[in-house]
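Got your viewer open and a selection tool ready? Let's walk through this model one stop at a time, picking out a few residues at each.

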Amino acid sequence: ASADERVADFLLELATRFHAIGRDADTLFLSMSRYDIANYLGLAAETVSRALGRLQDAGVIAVKGKQVVLLARAALQEIAEHSANL
């Protein structure tokens, strides 16, 4: 899976967890640092930052510090599932 696919999947997973505990599933607060997220995903921190930037440039998410807003969940799902369709 590409870095974008891994990051998209991570964000969707986090949204599911937020929803399960009654929090807004479209506004995520990342309690982990970019380094910790990268470590969790098996990527470099710079790669995670670039992937978040590409997803933001595509209009799928909005990133402001540790807050990530899911703007287009269906598009994010499509990106996350891309590797499953190969």
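Begin by selecting Leu41 and whatever surrounds it. Setting aside neighbours within four places in sequence, Leu41 is in contact with Arg6, Val7 and Phe10. Keep in mind throughout that you are looking at a predicted model. Leu41 belongs to helix H2, and its relative accessible area is 13%, under the 20% cut-off, so it is buried. For a distance to draw, try Leu41 to Ala3: the two C-alpha atoms are 8.6 Å apart, although 38 residues separate them in sequence.

**Along helix H2**

Now select the whole of H2, residues 34–41. Which of its residues are buried? Colour Ile37, Ala38 and Leu41, and you have buried residues of this helix. These residues span an arc of only 100° around the axis, which means that they lie on the same side of H2. Turn to the other side of H2 and you will find Tyr35 and Asn39, both exposed.

What covers the buried residues of H2? Show helix H1 (3–20) and helix H3 (45–57), which are among the parts that cover them. Before leaving H2, step just past its end to Gly42, the residue that follows the helix, and check its backbone: phi is positive here, near 75°.

**Zoom in on Ala38**

Return to H2 and centre the view on Ala38, which sits in this helix. With a relative accessibility of 2%, Ala38 counts as buried. Leave out the neighbours within four places in sequence, and the residues in contact with Ala38 are Leu43, Ala44, Ala45 and Val48. Pick Val48 from that set and draw a C-alpha to C-alpha distance to Ala38: it comes to 5.9 Å, for a pair 10 residues apart in sequence.

**H2 against H3**

Val48 leads us to the next stop. Select H2 and H3 together and show their axes if your viewer can do so. Two packed helices are described by the angle between their axes and the distance between the axes. The axes of H2 and H3 come within 8 Å and cross at roughly 100°. The two helices are therefore roughly perpendicular to each other. To see the contact itself, show side chains for Arg34, Tyr35, Ile37 and Ala38 on H2, and for Ala45, Val48, Ser49 and Leu52 on H3. Coloured by class, the residues of this contact divide into six nonpolar, one polar and one charged.

**H1 against H3**

Keep H3 on screen and swap H2 for H1. How do the axes of H1 and H3 cross? They come within 9 Å of each other, at an angle of roughly 80°. H1 and H3 are therefore roughly perpendicular as well. On the H1 side, select Ala3, Asp4, Val7, Ala8 and Leu11; on the H3 side, select Thr47, Val48, Ala51, Leu52, Arg54 and Leu55, which they meet. By class, the contact of H1 with H3 has eight nonpolar, one polar and two charged residues.

**Over to the strands**

Leave the helices and go to strand S1, residues 27–29, where you will find Thr27. Show side chains here and look for a polar contact of 3.1 Å between Thr27 and Asp24. Apart from neighbours within four places in sequence, Thr27 is in contact with Phe18, Gln67, Val68 and Val69.

Follow that last name to strand S3, residues 67–70, which holds Val69. Is Val69 buried or partly exposed? Its relative accessibility is 22%, so Val69 counts as partly exposed. Beyond its neighbours within four places in sequence, the contacts of Val69 are Asp26, Thr27, Val60, Ile61 and Ala62. For a final distance, draw Val69 to Ala25: their C-alpha atoms are separated by 8.9 Å, with their positions 44 residues apart along the chain.

Notes: Residues numbered from 1 in each chain as written. Predicted model: local features only at pLDDT ≥ 70, side-chain atom pairs only at ≥ 80, totals over all residues. Heavy atoms only, no water. Helix = DSSP H or I, 4+ residues; strand = E, 2+ residues; numbered from the N terminus. Polar contact = N/O pair within 3.5 Å; in protein donor to acceptor, adjacent residues only side chain to side chain. Contact = heavy atoms within 4.5 Å. Buried < 20%, exposed > 50% of the residue type's maximum accessible area, 1.4 Å probe, protein only. Arc of directions from axis to C-beta. Axes fitted to C-alpha atoms, helices over the stretch in contact; angles between N-to-C directions. Parallel < 35°, antiparallel > 145°, perpendicular 65-115°, else oblique. Nonpolar A, V, L, I, M, F, W, Y, C, P; charged D, E, K, R; others polar.
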